[in-house]
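Here are my notes on the model you sent, set out as numbered points for you to check against the coordinates.

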Amino acid sequence: MRLLRSLPGLVLPTALVAANLNIDHVTVAGRKLDEMRKAFTAATSVPTEYGGPHSNHATEMALVSFPDGSYLELMGLQPKADPVAVSMHVWSGFLEHDGGPCAFALRVSNIGAEIRGLKAAGITAGMPEDSGRTRPDGVKLVWQTVNVGPGNRGSLFPFLISDRTPREYRAYPAGKPTTDRFRGVAEVVIGVHDIEAAVAQYRKAFQLPAPSRQEDVKFGASLAWFEGTPIVLAQGLGSESWLSRRVHEYGDAPCAFVLKSNSGGLNARPTLGTWFGKQVVWMDAAALGWRLGLEPAKP
């Protein structure tokens, strides 16, 4: 976190800055975890690792972890999930209706300092909440999370996460990244109903300069990317576009994720696009069940 000196001898925290927007993980939600895992592997040739049930009596997860320390989480309903716990889950709509991308998190080392910094910038931040799960091998994981800004956890703004047990136990169940085919998470694409308002909130929260702008007709959105960050804001082109309908159903929230790819060959039928001067290969959304882009490695 950057520190701002306003008076001699006085140090005041400010909000997270662009250089510190380190993706911890991104989350894709649906009803049946096994089906989500099979679809991901069929599309990418990359296996997933089962991570175990959460302690909430509602969800279980699998993941694909990457060399840069980030990971993609697939979250589904436990086979004998408590219906009340499911209905109370912050992402219940995504889980019950196979909503796909639903949230993302930033990893931080001092969660209390980040809360103070965000509040100093005029951004709402909740109190730390303890959570965890037990891996299939019996290793117990404990962490703290903090909600940031309006809406559901990790929707418009990322939520913050800080581990109480070693982070590598959570990110690398096998002691190493799941794959080296992907290097990590390149972009989180956040669907919004008002891109100008969202841009203003991001600039306020994270001390960001004005974003680069682009329109992608094939993707069906106006885009705003904050250079040097993984954040892309997207507003649907027209009220009947897939993105506008999605935002109407789920509110402002992630609508797609883009991974950094080390390889070219893919099993699905990709389509190509160019975002802010970089090629993006889009997987077959119908086969995968959600929108996943790959940013190929430079030759």
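**Notes on the predicted model**

1. Setting aside neighbours within four places in sequence, Thr59 is in contact with Pro53, His54, Met75, Gly76, Leu77, Gln78, His89 and Leu95. The model is a predicted one, and Thr59 is found in its strand E5. Because its relative accessible area is 0%, and buried means under 20%, Thr59 counts as buried. With His54, one of the residues in that contact list, Thr59 also makes a polar contact, side chain to side chain, at 2.8 Å.

2. Strand E5 also holds Leu63, and this residue is buried because its relative accessibility is 0%. Beyond its neighbours within four places in sequence, Leu63 is in contact with a set of residues that includes Thr48, Glu49, Tyr71, Leu72, Glu73 and Arg133, as well as Arg170, Ala171, Pro173 and Thr178. As for Tyr172, its C-alpha lies 9.1 Å from that of Leu63, although the two residues are 109 apart in sequence.

3. The largest pocket encloses about 460 Å³ of space. Its lining is made up of 25 residues, and those closest to the pocket centre are His54, Asn56, His89, Ser131 and Arg153. Two or more lining residues come from each of strand E5 (59–65), strand E6 (71–77), helix H2 (83–88), strand E8 (129–134), strand E9 (140–146) and strand E10 (159–163).

4. Which element gives the largest share of the lining of the largest pocket? That element is E8, with 5 residues. Sorted by class, the lining of this pocket has 10 nonpolar residues, 9 polar ones and 6 charged ones. His54 and His89, both named among the residues closest to the pocket centre, also appear among the contacts of Thr59, which may help when the two regions are inspected together.

5. Turning to the aromatic residues, the count of aromatic pairs comes to 13. One of them is the edge-to-face pair of Phe257 and Trp290, with 6.4 Å from centre to centre and 70 degrees between the planes. This pair links distant parts of the chain, since Phe257 sits in strand E15 (residues 253–261) and Trp290 in the loop between helix H8 (285–288) and strand E18 (291–295), 33 residues apart. Both Phe257 and Trp290 are buried.

6. A separate item for inspection is the aromatic cluster formed by Phe157, Tyr202, Phe206 and Phe226.

Key: Residues are numbered from 1 along each chain as its sequence is written. This is a predicted model: local features need pLDDT of at least 70, side-chain atom pairs count only at pLDDT 80 or more; totals for chains, interfaces and linings use all residues. Side-chain values use heavy atoms; hydrogens and water are left out. On a 1 Å grid over the protein atoms alone, a cavity is a set of points where a 1.4 Å probe fits but cannot get out, and a pocket is an open set with protein on both sides within 12 Å along at least five of seven lines; lining residues have an atom within 4 Å of a point. Grid points are joined across faces, edges and corners, and a volume is the space filled by probe spheres set on the points. Helices (H or I, at least four residues) and strands (E, at least two) are DSSP runs, numbered from the N terminus. Ala, Val, Leu, Ile, Met, Phe, Trp, Tyr, Cys and Pro count as nonpolar, Asp, Glu, Lys and Arg as charged, and the others, Gly among them, as polar. Buried means under 20% relative accessible area, exposed over 50%, partly exposed in between (1.4 Å probe, protein chains only). Contact means heavy atoms within 4.5 Å. A polar contact is a pair of N or O atoms within 3.5 Å; within protein, one must be able to donate a hydrogen and the other to accept it, and residues adjacent in sequence count only if both atoms are side-chain atoms. Rings of Phe, Tyr and Trp (its six-membered ring) pair if their centres lie within 6.5 Å; planes under 30 degrees apart count as stacked, over 60 as edge-to-face and the rest as tilted.
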